[in-house]
Amino acid sequence: MDQRHGMVNAFDPARTAALPEADAALVERRQRLLGPAYRLFYDHPVHLVRGEGVWLYDAAGAAYLDVYNNVPVVGHCHPRVVDAMARQAGALNTHTRYLHGAILDYAEALLTTVPAELGHVMFTCTGSEANDLALRVAKSATGGTGFIVTANAYHGVTDAVAGLSPSLGPAVAPAPHVVCVAAPDRRRGGDVGAAFAAEIDAALERMAAKGIRPAALIVDTIFSSDGVFADPPGFLRPAVECIRAAGGLFIADEVQAGFGRTGAGLWGFARHQVVPDLVTMGKPMGNGHPVAAMLARPALLERFGAASRYFNTFGGNPVSIAVAQAVLDVIAEENLVARARETGDYLMAELAARAAPHPGLGEVRGSGLFIGLDVLPETAETGTGECEAARIVNGLRERRVLISASGPTGNVLKIRPPLPFGRPEAEIFLDAFDDVLKTIG
């Protein structure tokens with residue numbers, strides 16, 4: 001079992017034998033057809049067939065509370081999104097080399113949500129592609145090749161961005177032009193912003209020693225895979241000043257934090273009072289439909305556009321744009337940013353109260369409906385924090401509540417439900433969490 005993320009290897013014979021016969025057959029087919037690189041969540045994988053709002057349903061009709069999936073940001077199978085997809089798919093779906101007004105309407109709507117300095121949108125199909133494009137633009141604009149990322153970052157799966165994603169594992173080493181720095185962790189004490197800026201300065205010195213010119217600092221603005229680090233708001237500013245002073249850019253990867261998840265506006269970077277040079281987004285942008293984008297300061301694209309053609313066959317196609325527009329409209333009309341803030345504040349307070357008397361639980365961190373909870377390491381005699389986190393994740397799964405884990409050792413519970421998740425659902429989760437805590441002492 002991959003304890004870091006509460007995942008079970010799809011071809012573990014012992015665990016497969018414990019599954020219902022039909023599910024065991026699916027696991028075996030999956031391994032045979034998809035190969036060994038894929039993983040499944042949980043000791044007992046969940047066979048899902050339907051979703052609605054914040055609920056998922058298995059093949060037997062049992063309901064599972066989704067407290068994990070940030071991609072369906074407005075809820076699973078939202079009727080408005082489904083209708084927009086079906087209507088446009090029944091009318092036209094083609095590439096962006098033909099004129100179509102919807103892509104321009106959406107670009108205008110999206111740009112109204114960010115600072116005026118960000119004036120161009122370029123569309124892709126995935127967040128990985130958006131980050132890959134941002135790397136190309138950063139190198140073109142600065143003449144540099146060096147990138148700074150955090151020590152357990154995840155920015156995607158293309159060859160270029162996998163080299164900026166140390167969380168993918170030791171077999172995916174950072175590229176030679178990439179320098180890793182410690183995540184901005186306030187548990188170490190002191191001024192978080194100053195400490196993170198010092199990390200950036202040190203990284204720039206290491207680049208200079210290798211003769212590498214910096215292109216950009218890129219961070220996921222909620223530091224999800226590093227273990228969820230959100231506070232204090234504003235701690236990113238000194239680091240952004242450092243990279244810009246060295247001639248590099250700041251890329252805000254909003255694939256995880258964007259579209260209202262932090263409850264403090266649509267974008268994670270806004271909590272830090274910075275204006276990025278490039279912003280990337282994906283996943284929640286289409287509520288699971290494959291649409292993503294990069295926003296840029298127009299001046300940065302002048303050199304790139306003069307020297308390079310850009311064409312992504314179905315990035316920004318009419319169906320994707322119709323879906324993305326529906327998602328943006330639903331977030332606004334259903335007041336989901338405020339809901340994320342209110343429910344998230346309540347959930348963090350309740351989790352902190354439960355963690356306080358429990359020796360195995362530590363700090364609760366996050367913003368809005370992106371929350372991390374430390375599971376503390378234990379003694380050698382009783383195992384590790386990593387194992388305890390997996391026990392909690394799997395214990396909740398057995399109670400039909402779905403979360404996961406994050407952080408370098410997988411000991412941070414990761415809680416990030418769809419944004420319609422409200423107080424009633426929070427109570428269901430908290431009751432199940434209390435019940436699991438009783439079983440682990």
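A residue counts as buried under 20% relative accessible area, as exposed over 50%, and as partly exposed in between. The structure described here is a predicted model.

**Arg 206**

Arg 206 has a relative accessible area of 40%, so it is classed as partly exposed. Arg 206 belongs to helix 7, which covers residues 192–209. Once neighbours within four places in sequence are set aside, Arg 206 is in contact with Val 179 and Cys 180. Val 179 lies 27 residues from Arg 206 in sequence, and the C-alpha to C-alpha separation of the two is 7.8 Å.

**Strand 14 and its partners**

Strand 14 spans residues 370–375, and 6 of its 6 residues are buried; the strand is therefore largely enclosed by the rest of the structure. In a regular strand, side chains alternate between the two faces of the sheet. In strand 14, Phe 370, Gly 372 and Asp 374 point one way, while Ile 371, Leu 373 and Val 375 point the other way; all of these are buried.

Strand 14 runs antiparallel to strand 13 (residues 361–367) and also antiparallel to strand 17 (residues 412–415). Strands 13 and 14 make a hairpin with 2 residues between them. Gly 368, in the turn of this hairpin, has a positive phi of about 60°. On the strand 13 side, Leu 361 has Val 375 of strand 14 as its bridge partner. On the strand 17 side, Leu 373 stands opposite Leu 413.

**The open sheet**

Strands 3, 4, 5 and 15 form an open sheet of 4 strands in the order 3-4-5-15, with mixed pairing. Its edges are strand 3 (48–52) and strand 15 (401–402), each of which pairs on one side only. Strand 3 pairs with strand 4 (residues 55–58) in the antiparallel sense. Within this pair, Arg 50 stands opposite Tyr 57 of strand 4. Helix 13 (residues 423–440) lies across strand 4, strand 5 (63–66) and strand 15, and runs at about 100° to strand 5.

**Antiparallel pairs**

Strands of a sheet pair through backbone hydrogen bonds, either parallel or antiparallel. The table lists the bridges for the pairs described above.

| Strand pair | Sense | Bridges |
|---|---|---|
| Strand 3 and strand 4 | antiparallel | 4 bridges |
| Strand 13 and strand 14 | antiparallel | 5 bridges |
| Strand 14 and strand 17 | antiparallel | 4 bridges |

Methods
Residues are numbered from 1 along each chain as its sequence is written. This is a predicted model: local features need pLDDT of at least 70, side-chain atom pairs count only at pLDDT 80 or more; totals for chains, interfaces and linings use all residues. Side-chain values use heavy atoms; hydrogens and water are left out. Two strands pair if DSSP finds at least two bridges between them. Contact means heavy atoms within 4.5 Å. Axes are lines fitted to C-alpha atoms, for helices over the stretch in contact, and angles run from 0 to 180 degrees between N-to-C directions. Buried means under 20% relative accessible area, exposed over 50%, partly exposed in between (1.4 Å probe, protein chains only).
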